[in-house]
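Reader: Could you take me through one part of this model in some detail? I'd like to hear about the place where the two domains meet.

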Amino acid sequence: AKMATVSLGFDIDSPRWDQSTFVGRLKHFFNITDPRTVLVPEEELDRAKALVEGCRAGLVPPGSSQEQLLYAKKLYDSAFHPDSGEKMNLIGRMSFQVPGGMAITGCMLQFYRTVPAVVFWQWVNQSFNAFVNYTNRNAASPISLRQIGVAYVTATGAALATAVGLNLYTKRAPPLLARWVPFAAVAAANCVNIPMMRQQEIINGITVTDENNNELGHSRRAAVKGISQVVLSRITMAAPGMIILPIIMERLEKFTFMQRIRVLHGPLQVLLCGGFLLFMVPAACALFPQRCSLALADLEPELRDSIVAKHGDKVPYVYFNKGL
């Protein structure tokens with residue numbers, strides 16, 4: 001197709017909102033974690049990618065409006081990895097966190113009384129988390145199938161040990177404590193799953209750049225900082241729904257009408273989880289900047305010395321993608 005030059009001053013990669021503020025990042029992640037984007041056909045996603053790449057080259061189809069370009073960028077950000085540009089699997093996309101997370105979390109909160117139910121839903125949740133963590137890793141750090149398997153088994157084991165152990169421990173405790181067991185298991189598993197799934201980043205370091213995206217080297221400390229922030233974000237994402245919802249259900253189940261519709265308790269919890277996650281997925285992703293920074297003084301001595309030798313004091317901070 002005949003191409004036209006992009007209007008002067010338009011940069012498709014320039015953030016629409018200030019990414020140095022929480023509110024700006026929140027608006028950004030509300031945009032790209034929009035669960036409606038999971039329904040967009042593959043062909044439309046491919047067209048969006050082509051449009052974004054064309055715009056980066058300074059060319060777009062004639063007659064394209066800025067709104068069309070921004071929508072194409074929204075689809076691109078929701079479905080393609082920020083490092084590699086490859087299309088992410090549907091289950092692992094952040095835009096799938098609401099539909100996928102609400103179903104699994106609702107079932108974990110509903111079926112918490114028996115050990116078999118706890119084991120099954122924690123296993124389902126860790127399988128889902130493994131997809132998400134692998135999909136959103138720093139793509140510059142490859143991981144083998146063996147390492148993926150070890151990470152998956154370790155995280156699932158941590159979740160099951162926490163859930164089953166606490167489930168047995170809380171048999172004589174107040175009922176509300178038993179309802180909070182799934183959250184404790186999810187938090188424990190996140191502390192294992194994410195670092196294990198992204199262990200290559202910790203072992204070999206991740207690419208760090210200057211503010212103009214010029215590569216400076218690889219840093220293990222940057223990897224540890226980025227992964228720690230992701231772990232905290234994931235726990236924060238789950239916390240409100242898995243802590244507040246049990247309190248709500250504990251109160252509601254005392255009413256007679258709720259006791260008559262026990263079969264609907266599960267679907268109700270799934271819907272309420274969806275309400276929490278609609279806000280918490282973008283809010284948790286927005287806790288820390290996606291383009292993370294680390295002071296030069298906090299880098300490994302050898303990398304710091306290398307940067308100083310080449311650039312003097314012109315690089316006070318290094319930058320890297322922390323992943324999601």
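Author: Here is a walk through that interface, with a little on the whole chain around it.

Bear in mind that this is a predicted model. The domain assignment splits the protein into domain 1, residues 4-80, and domain 2, residues 94-321. Their C-alpha centres sit 26 Å apart.

So much for the layout; now the contact itself. On the domain 1 side, 13 residues are in contact with 16 residues of domain 2. Together the two domains bury about 1,100 Å² between them, and carbon and sulfur atoms give 74% of that area. If you want to know which residues to click on, try Arg25, Phe29 and Thr33: they supply 43% of the area that domain 1 buries against domain 2, more than any other three residues.

As for polar links, 3 residue pairs are in polar contact across the interface of domain 1 and domain 2, with both partners at pLDDT 80 or more. Salt bridges between domain 1 and domain 2 come to 0. Helix H1, residues 22-32, gives the most to the side of domain 1 that touches domain 2, with 6 residues. Sorted by class, that side of domain 1 has 7 nonpolar, 4 polar and 2 charged residues.

Salt bridges do turn up elsewhere: a search of the whole structure finds 13. One of them pairs lysine 74 with aspartate 34, with 2.9 Å between the closest N and O atoms. This pair ties together distant parts of the chain, 40 residues apart. Lysine 74 belongs to helix H3 (residues 66-79), while aspartate 34 is in the loop between H1 and helix H2 (42-56).

Zooming out, the protein has 13 helices and 6 strands. Its radius of gyration is 22 Å, close to the 20 Å that the globule rule gives for 324 residues, so the protein is as compact as a globular protein of that length. Along the principal axes, the C-alpha trace spans about 65 × 50 × 35 Å.

Terms used
Residues numbered from 1 in each chain as written. Predicted model: local features only at pLDDT ≥ 70, side-chain atom pairs only at ≥ 80, totals over all residues. Heavy atoms only, no water. Domains from an automatic or database assignment. Contact = heavy atoms within 4.5 Å. Buried area = accessible area lost by both parts, 1.4 Å probe. Salt bridge = Lys/Arg side-chain N within 4 Å of Asp/Glu carboxyl O. Polar contact = N/O pair within 3.5 Å; in protein donor to acceptor, adjacent residues only side chain to side chain. Helix = DSSP H or I, 4+ residues; strand = E, 2+ residues; numbered from the N terminus. Nonpolar A, V, L, I, M, F, W, Y, C, P; charged D, E, K, R; others polar. Rg over C-alpha atoms; globule rule 2.2 N^0.38 Å.
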